[in-house]
Amino acid sequence: MSVVLEETRKIEDYLAMPDEEIASRIESAKRELGPRVIILGHHYQRDDVIRHADLFGDSYQLSVMASQTEAEYIMFCGVHFMAESADILGKDSQHVILPDLGAGCSMADMANIDQVEDAWQQLKEIGVVSEKTKVAPITYMNSTAAIKAFCGRNEGVVCTSSNAVPLFDIYLKEFEKMFFFPDQHLGRNTGAKFGIPLEKMVVWDPHKDLGGNTEEDLHNAKLILWRGHCSVHGRFKPWHVDKVRADVPGIRVLVHPECVYEVVQKSDLNGSTSYIIKTVESAPAGSKWAIGTEVNLVNRLIKRFPEQHIQLLAPDLCMCATMYRISPQSLAWAMENLLDGNVVNEITVDDETKHFANIALGRMIKLTEKK
Ligand code: SF4
């Protein structure tokens, strides 16, 4: 089918519609489009959007699952880098749609390809990256397609929060150093699991020469961590852990490794979103959990497991504001445009970037399959 990019429906018309009408329009468009469209709902997505999703999961899982369907259209209720990943991993015949282009990821936006190329060049000029010193660039899934491609070109790899540990294990043995983008906390927390001392982990600030480090620091470092973070997980503080332990005797603290090092160190358990869900699913009735991750996910766990005591680690809302940009209204607008034959907000990655990003993703898959 040819893709018409002209938009015939206006999002403004959807904003004033009652919630029930929006929900029924989405469901009706789903029925009419049938298997031609698949709606993906990220774990952090709001309830009034997730109720329409065909598949749920984290960003990598969703992209893989969508690529295994015959759907022509992948409606990604997530954020921009996730839609890019779906395009990279999807079939050539599939089109990926992000219902609201304002749904970015503040962490992914903290590293752009020009800054990363510039950093790599600076490391070459001072001999940290050289024929003799092997440095592996590793990027978290939460990064732009261009940075994934950079890693693909330079013997590097992509990792998720689920497989960062096995990939660090391999790369720490084969390379002298690693340059980790864009989440300094996931990098630091994973490095700490391998006993790398904090003084061997330096932070690269893209706004400063040599990332704000001395040449000596960079030569001595084992891990160079890009100065990026998740604004949602960054809101959990060590005092939240102390307070919840004092308030609820016997409670266990379970956090995502995007939280700061001090929070992860104080927690009982840490791991990816899938790990958090599985841990709660397999816990006995009466278990008590304070969970440090996005609030929509925690609220759904509270509803699913009323026989357990589950609460958000922080007393205030820790919501992913950019994910929240995907609304039932924008989903209805994108779905009904599709019914009219208009593909709006299509996310495409150019062929060269796709090729090298797939190399980095392919390494991740191959290396973690072996483990
Ligand atoms: S929770 Fe954090 S890392 Fe995840 S999409 Fe939102 S801002 Fe990005």
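The following paragraphs describe the surroundings of the ligand and a set of individual residues in a predicted model.

The ligand occupies the largest pocket of the protein. Its surroundings are formed by Tyr44, Val79, Cys105, Ser106, Met107, Asn142, Cys230, Val232, Glu258 and Cys320. When these residues are sorted by class, the shell comprises seven nonpolar residues, two polar residues and one charged residue. Two members of this shell, Tyr44 and Cys230, recur below, Tyr44 through a polar contact with Thr293 and Cys230 through its separation from Ile365.

Thr293 is placed in the loop that connects strand 12, spanning residues 288–292, with helix 14, spanning residues 295–304. Its relative accessible area is 0%, and Thr293 is therefore classed as buried. The side chain of Thr293 forms a polar contact of 3.2 Å with the side chain of Tyr44, a residue that also belongs to the surroundings of the ligand. When neighbours within four places in sequence are set aside, the contacts of Thr293 comprise Tyr44, His233, Phe236, His256, Ile276, Val298, Leu312 and Cys318.

A second threonine, Thr139, is located in strand 5, which covers residues 135–140. With a relative accessibility of 0%, Thr139 counts as buried. A polar atom of the Thr139 side chain lies 3.5 Å from the backbone oxygen of Phe181, and Phe181 also appears among the residues in contact with Thr139 once neighbours within four places in sequence are left aside. The other residues in that set are Ile147, Lys148, Cys151, Val157, Val158, Cys159 and Pro182.

Two residues other than glycine have a backbone conformation with positive phi, namely Glu155 and Asn345. In general, most residues other than glycine have a negative phi. For Glu155, phi is near 65 degrees, and the residue is situated in the loop between helix 7, residues 145–153, and strand 6, residues 157–159. The relative accessibility of Glu155 is 47%, so this residue counts as partly exposed, the value falling short of the limit of over 50% that is required for an exposed residue. For Asn345, phi is about 55 degrees, and the residue is found in the loop between helix 15, residues 328–339, and helix 16. At 18% relative accessibility Asn345 counts as buried, because the limit for that class is under 20%.

Helix 16, which follows the loop holding Asn345, covers residues 351–370 and includes Ile365. This isoleucine has a relative accessibility of 29% and is accordingly assigned to the partly exposed class. Ile365 and Cys230 are 135 residues apart along the chain, and their C-alpha atoms are separated by 25 Å. Helix 15, on the other side of the same loop, contains Trp333, for which a relative accessible area of 6% gives a buried assignment. Between the C-alpha atoms of Trp333 and Pro306 the separation is 35 Å, with their positions 27 residues apart along the chain counted as the sequence distance.

Ile50 is part of helix 3, which consists of residues 47–50, and is buried at a relative accessible area of 9%. Apart from residues up to four places away in sequence, Ile50 touches Gly41, His42, Gln45, Phe56 and Arg300. Ile50 and Val128 lie 78 residues apart in sequence, and the distance in space from C-alpha to C-alpha is 46 Å.

Phe305 lies in the loop that joins helix 14 to strand 13, the latter covering residues 309–312. Phe305 has a relative accessible area of 9% and is buried. If residues up to four places away in sequence are not counted, the contacts of Phe305 are with Val280, Glu281 and Ile310. The C-alpha atoms of Phe305 and Ile326 are 27 Å apart in space, the two residues being 21 places apart in sequence.

Methods. Residues are numbered from 1 along each chain as its sequence is written. This is a predicted model: local features need pLDDT of at least 70, side-chain atom pairs count only at pLDDT 80 or more; totals for chains, interfaces and linings use all residues. Side-chain values use heavy atoms; hydrogens and water are left out. A residue is near a molecule or strand if one of its heavy atoms lies within 4 Å of it. On a 1 Å grid over the protein atoms alone, a cavity is a set of points where a 1.4 Å probe fits but cannot get out, and a pocket is an open set with protein on both sides within 12 Å along at least five of seven lines; lining residues have an atom within 4 Å of a point. A molecule sits in a cavity or pocket if more than half of its atoms lie within 2 Å of its grid points. Ala, Val, Leu, Ile, Met, Phe, Trp, Tyr, Cys and Pro count as nonpolar, Asp, Glu, Lys and Arg as charged, and the others, Gly among them, as polar. Helices (H or I, at least four residues) and strands (E, at least two) are DSSP runs, numbered from the N terminus. Buried means under 20% relative accessible area, exposed over 50%, partly exposed in between (1.4 Å probe, protein chains only). A polar contact is a pair of N or O atoms within 3.5 Å; within protein, one must be able to donate a hydrogen and the other to accept it, and residues adjacent in sequence count only if both atoms are side-chain atoms. Contact means heavy atoms within 4.5 Å.
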